[in-house]
Amino acid sequence: ATTYNSAISACESSKRLEKALELFAEMRRCWLEPTVITYNAMISVCEKTKQLKEAFKLFKQMQIHGLQPNVITYSAMISACEKSKRPKKAEHLFLEMHARGIERNVITYNSMISAFEKAEQPSKALELFGQMQHESLQPNAITYNSTISACEKGKHPERALELFKRMQQANLKPDVVTYNATISACEKGFQWEMAIELFRASADGEGLTSPDVITYNATISLRVRTAVDQGTGIVCANVSGMH
């Protein structure tokens, strides 16, 4: 079974669902019973290939065969729901974990927060951000980026800025995704001076990566709206430096 498990896991990185299903069927023909590890690998392939229906089929099948899903199973299932933009299904699984006494980890929370971010439900994303810390789980850069992005979509610039500062206080370096989401949140919330300040910080290399097209577009957008000549000059100078 170990050989098949490894082969199926290899299909995850290459996103080869058909090959994984072929190996899974071959395994059964050889009278080898799939384990929880096998099902987790199969569900992960479904998650990477956005095949939610197949993931749920496997999820049910493993339980019919007397195998209990663990934190890895649920995290992969929630991530599959998130990628397919099915936040309600993701939330159901998330709550089911708690009901079954399965401890949720940072990966589980990140997937669930991302699902709420894509569904433009910032209040739920923020609630989970606070809840995970009550469970003694430390948010990582992915957690912060997803929650800040949720605030940006929900037009909550104050919360986005608060999270940006907390991220730095936690010794986590903001990356280009962090800066883009926070700058966009400020732009949507009419906090133009703060957006320009953040842009300057990213352009000066204070972030891990340099500004990208999204960063420049957001900053140009707010400068056009405010018609501040000095700021426009800064942006234009940086844009010209990209060529």
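Axes are lines fitted to C-alpha atoms, for helices over the stretch in contact, and angles between them run from 0 to 180 degrees between N-to-C directions. The exercises below use this definition on a predicted model.

**Exercise 1. Find how α5 and α7 are arranged, and which residues join them.**

Step 1. Locate the helices: α5 covers residues 71-83 and α7 covers residues 106-118.

Step 2. Take the geometry. The axes of α5 and α7 are 9 Å apart, and the packing angle is about 15°.

Step 3. Classify the angle. Angles under 35 degrees count as roughly parallel, and α5 and α7 are therefore roughly parallel to each other.

Step 4. Give the hand: α5 and α7 cross in a left-handed way.

Step 5. List the residues. From α5 come V71, S75, I78, S79 and E82, and these meet I107, T108, S111, M112, S114, A115 and K118 of α7. Sorted by class, this contact of α5 with α7 has five nonpolar, five polar and two charged residues.

**Exercise 2. Carry out the analysis for α1 and α3.**

Step 1. Helix α1 is made of residues 2-14 and helix α3 of residues 36-48. Their axes come within 8 Å and cross at roughly 15°.

Step 2. That angle makes α1 roughly parallel to α3.

Step 3. The hand of the crossing between α1 and α3 is left-handed.

Step 4. On the α1 side the contact is made by N5, I8, S9, C11 and E12. On the α3 side it is made by I37, T38, A41, M42, S44, V45 and K48. The classes in the contact of α1 with α3 are six nonpolar, four polar and two charged residues.

**Exercise 3. Decide whether α3 and α4 are roughly parallel or roughly antiparallel.**

Step 1. The axes of α3 and α4 are 9 Å apart, with a packing angle of about 165°.

Step 2. Angles over 145 degrees count as roughly antiparallel. The two helices α3 and α4 are therefore roughly antiparallel to each other.

Step 3. The crossing of α3 past α4 is left-handed.

Step 4. In α3, the residues V36, Y39, M42, I43 and C46 meet E54, A55, L58, F59, Q61 and M62 in α4. Nine of the residues in the contact of α3 with α4 are nonpolar, one is polar and one is charged.

**Exercise 4. Describe the nonpolar cores and the surroundings of M112.**

Step 1. Start with the largest nonpolar core, which has 43 residues. Within this core, the residues with the most contacts are I43, L93 and M112.

Step 2. Find the contributing elements. Two or more residues each are given by α1, α2 (17-29), α3, α4 (52-64), α5, α6 (87-99), α7 and α8 (122-134).

Step 3. Look at M112. With neighbours within four places in sequence left aside, M112 is in contact with I78, P87, A90, E91, F94 and L128.

Step 4. Add the other core. Apart from the largest core lies another of 19 residues, including Y144, I148, A181 and A185.

Step 5. Recall the general trend: in soluble globular proteins, nonpolar side chains tend to be buried together.

**Exercise 5. State where P139, W31 and K50 lie, and whether each is buried or exposed.**

Step 1. P139 is in the loop between α8 and α9 (141-153). Buried means under 20% relative accessible area. P139 has a relative accessible area of 9%, so P139 is buried.

Step 2. Leaving out neighbours within four places in sequence, the contacts of P139 are F129, M132, Q133, Y144 and L172. The C-alpha atoms of P139 and I107 are separated by 9.6 Å, although these residues are 32 residues apart along the chain.

Step 3. W31 sits in the loop between α2 and α3. Exposed means over 50% relative accessible area, and with 78% W31 is exposed.

Step 4. K50 belongs to the loop between α3 and α4. With a relative accessible area of 54%, K50 is exposed.

Step 5. Check the backbone. Most residues other than glycine have a negative phi. W31 is not a glycine, yet has a positive phi of about 60°. K50, also a residue other than glycine, has a positive phi near 60°.

**Exercise 6. Summarise the whole protein.**

Step 1. Count the elements: the protein has 14 helices and zero strands.

Step 2. Give the burial: of the 243 residues, 45% are buried.

Step 3. Consider contacts between residues at least 6 apart in sequence. Of these, 59% join residues at least 24 apart.

Key:
Residues numbered from 1 in each chain as written. Predicted model: local features only at pLDDT ≥ 70, side-chain atom pairs only at ≥ 80, totals over all residues. Heavy atoms only, no water. Helix = DSSP H or I, 4+ residues; strand = E, 2+ residues; numbered from the N terminus. Parallel < 35°, antiparallel > 145°, perpendicular 65-115°, else oblique. Left-handed = near helix turned anticlockwise from the far one by under 90°. Contact = heavy atoms within 4.5 Å. Nonpolar A, V, L, I, M, F, W, Y, C, P; charged D, E, K, R; others polar. Core = buried A, V, L, I, M, F, W, Y, C linked by side-chain atoms within 4.5 Å. Buried < 20%, exposed > 50% of the residue type's maximum accessible area, 1.4 Å probe, protein only.
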